[in-house]
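Please open the model in a viewer and keep the sequence panel beside it. The tour below proceeds by selections, each followed by a description of what is found there.

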Amino acid sequence: MKILGFNETYHMANAVNNLKDNELWLDAINAKTQDGKHFGREQWDQLLGHCQAVTDFPAALFAPELISAYPEAKVVLSNRNVDQWYRYETAAIPESRSLTFAFR
């Protein structure tokens, strides 16, 4: 992303061991799946406002919400064969086996 001029990109690694971010991601998940509370641009800015781009998990779970919150943003969506991706992911990052299993 830096080659494209995006200096601050939020990646899964940003969420690892970041308690504040994890609490905000949990709020977003709960708003999406359970309590229906609004999680809009103000909330996304608390989490991602310092970034110019997002990639990977957990942001990928919220593509429609992020597109709605940031209608001026450019979106690049890549589609992959889930089985090929799963094999690659678990081989490249063995720790991801427990994470990716939940989303298969």
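Begin with the whole chain, which is a predicted model. Among contacts between residues at least 6 apart in sequence, 56% join residues at least 24 apart. Colour the chain by secondary structure: six helices and two strands appear. Followed from the N terminus, the order of elements is β-α-α-α-β-α-α-α. If the 104 residues are then coloured by relative accessibility, 25% of them count as buried.

**The helix pair α2 and α3**

Select residues 19–33, helix α2, together with residues 41–48, helix α3. Their axes come within 10 Å and cross at roughly 155 degrees. Angles over 145 degrees count as roughly antiparallel, and α2 and α3 are therefore roughly antiparallel to each other. The crossing of the two helices is left-handed.

Next, show the side chains at this contact. From α2, display K20, D21, L24, W25 and A28; from α3, display W44, Q46, L47 and L48, which they meet. By class, the residues of this contact comprise six nonpolar, one polar and two charged.

**The nonpolar core**

Which residues of the largest nonpolar core touch the most other members? Select Y10, W25, W44, L47, L48, F62 and L66, which hold that position among the 16 residues of the core. The elements giving two or more residues to this core are α2, α3 and α4, the last spanning 63–69. Of these, α2 gives the most, with four residues. As a general background, nonpolar side chains in soluble globular proteins tend to be buried together.

Now centre the view on W44 and display its surroundings. Leaving aside residues up to four places away in sequence, W44 touches W25, A28, F39, G49, F62, E65, L66, A69 and Y70. Two of these partners, W25 and A28, also belong to the α2 side of the helix contact already displayed.

**The loop between β2 and α4**

Move to the loop that follows β2 (53–54) and leads to α4, where P58 is found. Inspect the peptide bond from F57 to P58: it is cis, with omega near 5 degrees. D56 lies in this loop as well. Although D56 is not a glycine, it has a positive phi of about 70 degrees. D56 counts as partly exposed because its relative accessibility is 35%.

**E8, before β1**

Select E8, in the segment before β1 (9–10). Is E8 buried, partly exposed or exposed? At 42% relative accessibility, E8 counts as partly exposed. Add Q52 to the selection and draw a distance between the two C-alpha atoms: the residues are 5.4 Å apart in space, yet 44 residues apart in sequence. Q52 is one of the residues that E8 touches; the others are H50, C51 and A53, with residues up to four places away in sequence not counted.

**G36, between α2 and α3**

The final stop is G36, in the loop between α2 and α3. G36 counts as exposed because its relative accessibility is 61%. Display N30 and A31 beside it: G36 touches both of these residues, again without counting those up to four places away in sequence.

Definitions and conventions. Residues numbered from 1 in each chain as written. Predicted model: local features only at pLDDT ≥ 70, side-chain atom pairs only at ≥ 80, totals over all residues. Heavy atoms only, no water. Axes fitted to C-alpha atoms, helices over the stretch in contact; angles between N-to-C directions. Parallel < 35°, antiparallel > 145°, perpendicular 65-115°, else oblique. Left-handed = near helix turned anticlockwise from the far one by under 90°. Contact = heavy atoms within 4.5 Å. Nonpolar A, V, L, I, M, F, W, Y, C, P; charged D, E, K, R; others polar. Core = buried A, V, L, I, M, F, W, Y, C linked by side-chain atoms within 4.5 Å. Buried < 20%, exposed > 50% of the residue type's maximum accessible area, 1.4 Å probe, protein only.
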